[in-house]
Structures are given as C-alpha cells and as structure tokens.
Amino acid sequence: MLLFIAAAWRPVSAQDTLRTYGPRFGVDLARFVYILADPSEIGAEVSADFELVKDFYPIFELGYNSISESDSLFNYAASGTYARVGIDYNLLKLRDRSQHHAITIGARYGISLYSHSAENIYIQNPYWGDYVAAPYEMQLRGHWVELVGGIKAELLPNLFMGWSFRFKILLNPDMDPLVTPQMVPGFGTGGKDRSFGISYSIYYKIPLLKK
C-alpha cells in the first residue's frame, strides 16, 4: 500500500481543485477478525465520506457491538449501536486529480446508545449465606472524542484499501455508578477514559461526477 502512495507523490498544480467527485463507502474488515478471535464479541461498522473542500473529507461512521460473557459468579451482556461524525484532512500532495491515495489525520465525535445487564449474580456471604442477586439492567449513553490517523490507497479504479489508528477519550466514564460496563460500543472497554483502536477497511467510491 505504501508503494502505491510513494509512486504517486508529486506536487499538484495550482489549478488543481477536488480530486474526488462522489461519496466513498467503506466496511471495517477488522470487525470480522475480532469475531474469529473472540466469538463472545460481535460487531460491524460501515462508513461514508466525501471530499467537500479540497483535501477535507467529512466522514460518518455507523456500527454495532455486542458482548456476552459467563463465569461462575455472573453472566454479563451488552449490546448497542454507535455513530461517529468528523473530518479527515489529506496530507498527501499528488500530481493530479487522477490520483486518489491519501494519508490523513482527523478527529471524530462518537456517541453510543446501548444496554448492559448482569444476571445469575452469585454472591458469597459467610455470615448470611450465599445467595443469587436479582438481575440488573441499565440503558446507557456513552460520549467520546477521537484523534485519527490513517492511509487509503486506490488499488483499482474507485476501489480502496486502508487502515486507521485511533486514540479515544471517553467523556463520561462513570455513566453507570453501580456496574462498570465491560464494553462501550464503538469505544472499547468501559471503566477507562482512554482507549486505542485500529481499523482495516475496504472502500468503494461512486464517481458521480468527473472533472
């Protein structure tokens, strides 16, 4: 992928404007790898971006995550959807509008609407005796911001592959004071106000207009 980008580098002319004229849609393939590595966690994510101003790409990402864990003390489950909105800036200067590779930096705001629950909660008490607590469920909302860096390379006309690295800051880590969320969809492990993430995606651009 880096070879594609390095071969295309050359300063653009002063007359060059937008390099892409059409929306680009993507699917995060890393989510399917996570499922193979940990079947208790399921997720999917799609994205869409568009070059609105030269080298600036507003982007929208939508996804779903769920997790289910069981042990001798309790069963835990969480699931919900999330959305991110933000913008990427292309740092790579290319020779003309026929080159669409990108090295980007950007930012996101993310929000997740989800529920988590715990049941079969076995509490050991040597004085009163062991007992099973009542099931617990809570509807939650998580907010965070992200700093994002990544690469997109056009392998075939309008077909891209790319990866991104994300540093995330959770704005409300104490969203549930009773039970710490094991997962905040779209963010990562609950109970922490910092998280890192990696995406590896395939994209297709719909060329609505050529100039």
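# A guided tour from strands to core

Read along the sequence, the pattern to trace in the viewer is α-β-α-β-β-β-β-β-β-β-β-β, and the model in which it appears is a predicted one. Colouring by secondary structure should bring up two helices and 10 strands. If you then colour by accessibility, buried residues account for 41% of the 211 residues in the protein. A contact map is a useful companion here, since among contacts between residues at least 6 apart in sequence, 66% join residues at least 24 apart.

**First stop: the strands β1, β2 and β3**

Select residues 24-28, which are strand β1, together with β2; the two pair in the antiparallel sense over four bridges. Within this pairing, phenylalanine 25 has alanine 48 of β2 as its bridge partner. Extend the selection to β3, which runs antiparallel to β2 and is joined to it by nine bridges, with serine 47 facing glutamate 61 of β3 as bridge partner. The strands β2 and β3 form a hairpin with six residues between them, and in the turn aspartate 55 has a positive phi of about 70 degrees.

**Second stop: salt bridges, starting at the turn**

Keep aspartate 55 selected and add lysine 93, with which aspartate 55 forms a salt bridge whose closest N and O atoms are 3.3 Å apart. Lysine 93 lies in the loop between β4 and β5 (102-119), while aspartate 55 lies in the loop between β2 (41-49) and β3, so the pair ties together parts that are 38 residues apart in sequence. The two partners can be told apart by accessibility, for aspartate 55 is buried, with a relative accessible area of 3%, whereas lysine 93, at 31%, counts as partly exposed.

Return next to glutamate 61 and add arginine 166, which forms a salt bridge with glutamate 61 at 2.8 Å between the closest N and O atoms. Because arginine 166 lies in strand β9 and glutamate 61 in strand β3, this pair ties together parts that are 105 residues apart in sequence. Arginine 166 and glutamate 61 are both buried.

A further pair to display is aspartate 193 with arginine 194, a salt bridge in which the closest N and O atoms are 3.5 Å apart. Aspartate 193 is partly exposed at 36% relative accessible area, and arginine 194 is partly exposed at 42%. To see how salt bridges that share partners connect, select Asp28, Arg31, Glu45, Glu61, Arg84, Asp88, Arg108, Glu146 and Arg166, which they join into one network. The structure holds 12 salt bridges.

**Third stop: aromatic rings and the charges over them**

Turning to the rings, the count comes to four aromatic pairs. For one of them, select phenylalanine 56 and tyrosine 89, whose ring centres are 4.8 Å apart and whose planes stand at 45 degrees, so the pair is tilted. Phenylalanine 56 belongs to strand β3 (residues 56-70) and tyrosine 89 to strand β4 (residues 75-90), so the pair ties together parts that are 33 residues apart in sequence. Phenylalanine 56 counts as partly exposed at 36% relative accessibility, and tyrosine 89 is partly exposed at 26%.

Move on to phenylalanine 167 and phenylalanine 196, where the ring centres are 5.2 Å apart and the planes are at 40 degrees, so this pair is tilted. It links distant parts of the chain, with phenylalanine 167 in strand β9 (residues 159-170) and phenylalanine 196 in strand β10 (residues 194-205), 29 residues apart. Phenylalanine 167 is partly exposed at 24% relative accessibility, whereas phenylalanine 196, at 56%, counts as exposed. Adding Phe165 to Phe167 and Phe196 completes one aromatic cluster.

Charged side chains also sit over rings. Arginine 24 lies over the face of phenylalanine 160, at 4.7 Å from the ring centre, and the charged end of lysine 152 sits over the ring of tyrosine 203, 5.1 Å from its centre.

**Last stop: the nonpolar core**

Finally, select Tyr82, Tyr114, Leu140, Trp144, Leu170, Met175, Val184 and Phe187, the eight residues that make up the largest nonpolar core. In soluble globular proteins, nonpolar side chains tend to be buried together. Centre the view on methionine 175, which, leaving aside its neighbours within four places in sequence, is in contact with Tyr114, Leu140, Arg141, Gly142, Leu170, Pro181 and Val184.

Methods:
Residues numbered from 1 in each chain as written. Predicted model: local features only at pLDDT ≥ 70, side-chain atom pairs only at ≥ 80, totals over all residues. Heavy atoms only, no water. Core = buried A, V, L, I, M, F, W, Y, C linked by side-chain atoms within 4.5 Å. Buried < 20%, exposed > 50% of the residue type's maximum accessible area, 1.4 Å probe, protein only. Contact = heavy atoms within 4.5 Å. Phe/Tyr/Trp six-rings, centres within 6.5 Å; stacked < 30°, edge-to-face > 60°. Lys NZ or Arg CZ within 6 Å of the ring centre and 35° of its normal. Salt bridge = Lys/Arg side-chain N within 4 Å of Asp/Glu carboxyl O. Pairing = 2+ DSSP bridges.
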